Amino acid sequence: MADCAHLLLRGTLPTRKQRRDFQREVRGHRLVHEHLIRFFQGFNHDAHPMAILVSVVGALSAFYNDDHDYRDPAKRDLAGMRCVGKMATLAAYSYKTAHGQPIVYPRDDLNLAQNFMYMMFALPTRPYDLDPVACRCLEVILMLHADHEQNASTSTVRIAGSSQANPFACVAAGVASLWGPAHGGANEAVLAMLEEIGTVDRIPKCVARAKSKTDPFRLMGFGHRVYKQMDPRARLMRDMCHKLLDHLKIKDPLLDLAMELEKVALSDDYFISRKLYPNVDFYSGICFRALGIPREMFTVIFAVGRSVGWIAQWIEMAGEEVSRISRPRQMYEGAPERPFVPLSERR
Ligand code: ACO
């Protein structure tokens, strides 16, 4: 992930020395202010981790609000590295909060994926052994989600950033936009859908629902605004899913169900004619499940990976010579001009 983050944030794959320096730098930003940790204690135990994440990432702006002159490349870079360094910590603390467990501080000797697994699953009462294959799987997932041009959440970060708002507040806006089931929340929705289908014989009913003009239900993890063929990330995710499950000796009936659903949908005229193929979210949930990550954390992990892209895009935008505020126009289609009626005369 360090190479991928360096490529996105600095524009090139790093040399060995650059990689070491970059890792040292990011790791140096992993801790969050102790006062920020108190924010977590204010949430209900059943709060959704995305609700927690959107709040605490935004709260970072209260801790790093010292200098708004982001025309200075060094200040932009520092803000970006702080955000990238702290995202996984905040995400893991969101998990711990939602599970009522004590938080676990980050470790400098671990890479991003290892550190994230450690912060989520380690407990003061028992050691936690990191599985290299599981950690590598999480690392690949983070890389596959790192950036994807102008998707809804990235555009949101850019729109917020165009007013020269604090970058942490901009990233919080991105987290909010990612949350919805039409975007990053789809990975959570895919698993819910597969669990609801339950058995292969119920697939036709689900596909019929997705095709119905009267039912708003959609096949989650299918379709993409840009990809009109199989999302290349979905293919990688499916292969990795098989490898991970084999390694962990897990037989997950949901994987068989997902593959059968893919087969049925891809041989159906409705999906063929509309060029609807599995997207990155279709298989990621099954990987997360095998890693022992609960459903409500799926989109949080997406946010950790995507934060690198959000920051790279924000840095690029904040560094532009001429910056203009984003200001989409709106076509008014409502009633024509109406006379003003005083409140006392309104019925
Ligand atoms: N299931 C059933 N029908 C679908 C689906 C689906 N998943 N996706 C699109 N369609 C249909 C629409 O009903 C529409 O049919 P029509 O032409 O008969 O009216 C046609 O395909 C085109 O759909 P649009 O909504 O115009 O496609 P759009 O590009 O706006 O939507 C989106 C893309 C939001 C991803 C959509 O495919 C969807 O809702 N998919 C399910 C949610 C999902 O998996 N989201 C994750 C996207 S990837 C990501 O964000 C990381």
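**Exercise 1. The surroundings of aspartate 281**

Which residues does aspartate 281 touch, not counting residues up to four places away in sequence? Work this out on the model, which is a predicted one, and then decide whether aspartate 281 is buried or exposed.

*Solution.* Start by placing the residue: aspartate 281 sits in helix α15. Leaving out residues up to four places away in sequence, aspartate 281 touches Ala186, Asn187, Val190 and Gly221. Next, take the neighbour count, which is 29 other C-beta atoms within 10 Å. The cut-off for a buried residue is 20 or more, so aspartate 281 is buried.

**Exercise 2. The annotated pair**

Find which residues the UniProt annotation "active site" covers, and work out why they can be said to gather at one spot.

*Solution.* According to the UniProt record, an unreviewed entry, the "active site" annotation covers His224 and Asp281. These residues span 58 residues in sequence, yet no two of their C-alpha atoms are more than 10.5 Å apart, so they gather at one spot.

Now look at the partner of aspartate 281. Histidine 224 lies in the loop between α11 (203–211) and α12 (232–247). Once neighbours within four places in sequence are set aside, histidine 224 is in contact with Asp231 and Asn279. Its count is 20 other C-beta atoms within 10 Å, so histidine 224 is buried.

**Exercise 3. Two helices that cross**

Describe how helix α10 and helix α15 are arranged, starting from the angle at which their axes cross.

*Solution.* Two packed helices are described by the angle between their axes and the distance between the axes. Here the axes of α10 (residues 186–197) and α15 (residues 281–290) come within 8 Å and cross at roughly 75°. Angles of 65 to 115 degrees count as roughly perpendicular, and α10 and α15 are therefore roughly perpendicular to each other.

Then list who makes the contact. From α10 come Ala186, Asn187, Glu188, Val190 and Leu191, and from α15 come Asp281, Phe282, Ser284, Gly285 and Arg289. By class, the residues of this contact are four nonpolar, three polar and three charged.

**Exercise 4. Around the ligand**

Say how many residues surround the ligand and which are the closest.

*Solution.* The ligand is surrounded by 19 residues, and the closest are Ala186, Arg218, Phe222, Gly223 and Arg225. Sorted by class, this shell holds eight nonpolar, seven polar and four charged residues. One of the closest residues, Ala186, also belongs to the contact of α10 with α15.

**Exercise 5. A covered helix**

Decide how well helix α6 is covered, and by what.

*Solution.* Helix α6 (residues 112–121) is mostly covered, with eight of its ten residues buried. Those buried are Leu112, Ala113, Asn115, Phe116, Met117, Tyr118, Met119 and Met120. Their cover includes α5 (73–98), α7 (132–144) and α16 (298–318).

**Exercise 6. Phi values to check**

Examine phi for glutamate 149 and lysine 249, then settle whether each is buried or exposed.

*Solution.* Most residues other than glycine have a negative phi. Glutamate 149, though not a glycine, has a positive phi of about 35°. For lysine 249, phi is near 55°, again a positive value in a residue other than glycine.

Their places come next. Glutamate 149 is in the loop between α7 and α8 (152–161), and lysine 249 is in the loop between α12 and α13 (253–266).

Finally, count neighbours, remembering that 12 or fewer makes a residue exposed. Glutamate 149 has 9 other C-beta atoms within 10 Å, so this residue is exposed. Lysine 249 has 6 other C-beta atoms within 10 Å and is therefore exposed too.

Notes. Residues numbered from 1 in each chain as written. Predicted model: local features only at pLDDT ≥ 70, side-chain atom pairs only at ≥ 80, totals over all residues. Axes fitted to C-alpha atoms, helices over the stretch in contact; angles between N-to-C directions. Helix = DSSP H or I, 4+ residues; strand = E, 2+ residues; numbered from the N terminus. Parallel < 35°, antiparallel > 145°, perpendicular 65-115°, else oblique. Contact = placed C-beta atoms within 7 Å. Nonpolar A, V, L, I, M, F, W, Y, C, P; charged D, E, K, R; others polar. UniProt positions renumbered as here; feature names shortened; annotations may be inferred. Near = placed C-beta within 6 Å.
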